[in-house]
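Please explain how the parts of this structure fit together, in terms that a first-year student can follow with the sequence and the model side by side.

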Amino acid sequence: MINTIIFDIGNVLARYDWKGYLRRLGFSDEVCGKIGQAVFENPLWQEFDRGVLGDKNVEQKCRDLLPEYSVEMDQVFSNLEDLVYECGYAVGWIQSLKAKGYKVYVLSNYGRTLFGYARTNFRFLHYIDGGVISYEVQYIKPEIQIYERLIQKYGIRPQEAVFLDDTAENLPPARKLGMRTIHVTSHQAAVEELKKLGIES
């Protein structure tokens, strides 16, 4: 019997769209492509989430890849809080699950600076029972240690939990530990998958 729901944040409870973010800054397609490769598609981006190198060090390493776009990079790194925004359904979804007696946690890859903004501005975080954020433990999904940290911190029984994530590669470690998993492709699809597990949300 499932009594615990574990959510990823990006593209599950909050919309993460770096391509849209760059377009909103008014960059051309060419500039969007180059900055996308240097920052958001760069393995260095994961180092923000890991929290070992420090956000400013990672930012500078990205900047060093495109010295000719220093002005544009200033814009990118000065407005990162606009990169992710809370989904309108997030609070109601969590409140509904809580009202039905489920424990609700988050397990997400997130850097220190960006999560500082999320902690202040994402309303759904006020309703969850807890969570583990990657920069805090210096592991990132799909490394199994971050899942184990969540389980240990809250005494979660994996066989009584379901984990929802929009990135398919993040699901196997949760299954290995005994959790049910849902690959989130849309909010409505996730709601339907929860129903198949007997969870009305």
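What follows is a walk through a predicted model, taking the strands, then two helices, and finally a single residue.

A convenient place to begin is β4 (103–108), a strand that is mostly covered, since five of its six residues are buried. Strand β4 runs parallel to β1, to which four bridges join it, and within this pairing I5 has V104 of β4 as its bridge partner. Four bridges also join β4 to β5 (residues 130–133), again in parallel, and here V106 stands opposite G131 of β5. Between β4 and β5 the chain passes through helix α7 (residues 112–121), making a β-α-β crossover that is right-handed.

Helix α6 (residues 90–99) has several buried residues, namely A90, V91, W93, I94, S96 and L97. An α-helix has 3.6 residues a turn, so residues three or four places apart point the same way. The cover over the buried residues of α6 includes the strands β1, β3, β4 and β6 together with helix α11. After α6 comes G101, which has a positive phi near 100 degrees.

In helix α2 (residues 29–40), the buried residues are V31, C32, I35, G36, A38, V39 and F40, and what covers them includes β2 as well as the helices α1, α3, α4 and α5.

Helix α3 (residues 45–50) is also where R50 is found. Is R50 buried or exposed? R50 counts as buried because its relative accessible area is 17%, and buried means under 20%. Beyond its neighbours within four places in sequence, R50 is in contact with S134, Y135, Q138, Y139, I140 and E143, and its side chain is joined to that of E143 by a polar contact of 2.8 Å.

Note on methods: Residues are numbered from 1 along each chain as its sequence is written. This is a predicted model: local features need pLDDT of at least 70, side-chain atom pairs count only at pLDDT 80 or more; totals for chains, interfaces and linings use all residues. Side-chain values use heavy atoms; hydrogens and water are left out. Buried means under 20% relative accessible area, exposed over 50%, partly exposed in between (1.4 Å probe, protein chains only). Helices (H or I, at least four residues) and strands (E, at least two) are DSSP runs, numbered from the N terminus. Contact means heavy atoms within 4.5 Å. A polar contact is a pair of N or O atoms within 3.5 Å; within protein, one must be able to donate a hydrogen and the other to accept it, and residues adjacent in sequence count only if both atoms are side-chain atoms. Two strands pair if DSSP finds at least two bridges between them. A crossover is right-handed if, with the strands pointing away from the viewer, the path from the first strand over the helix to the second runs clockwise.
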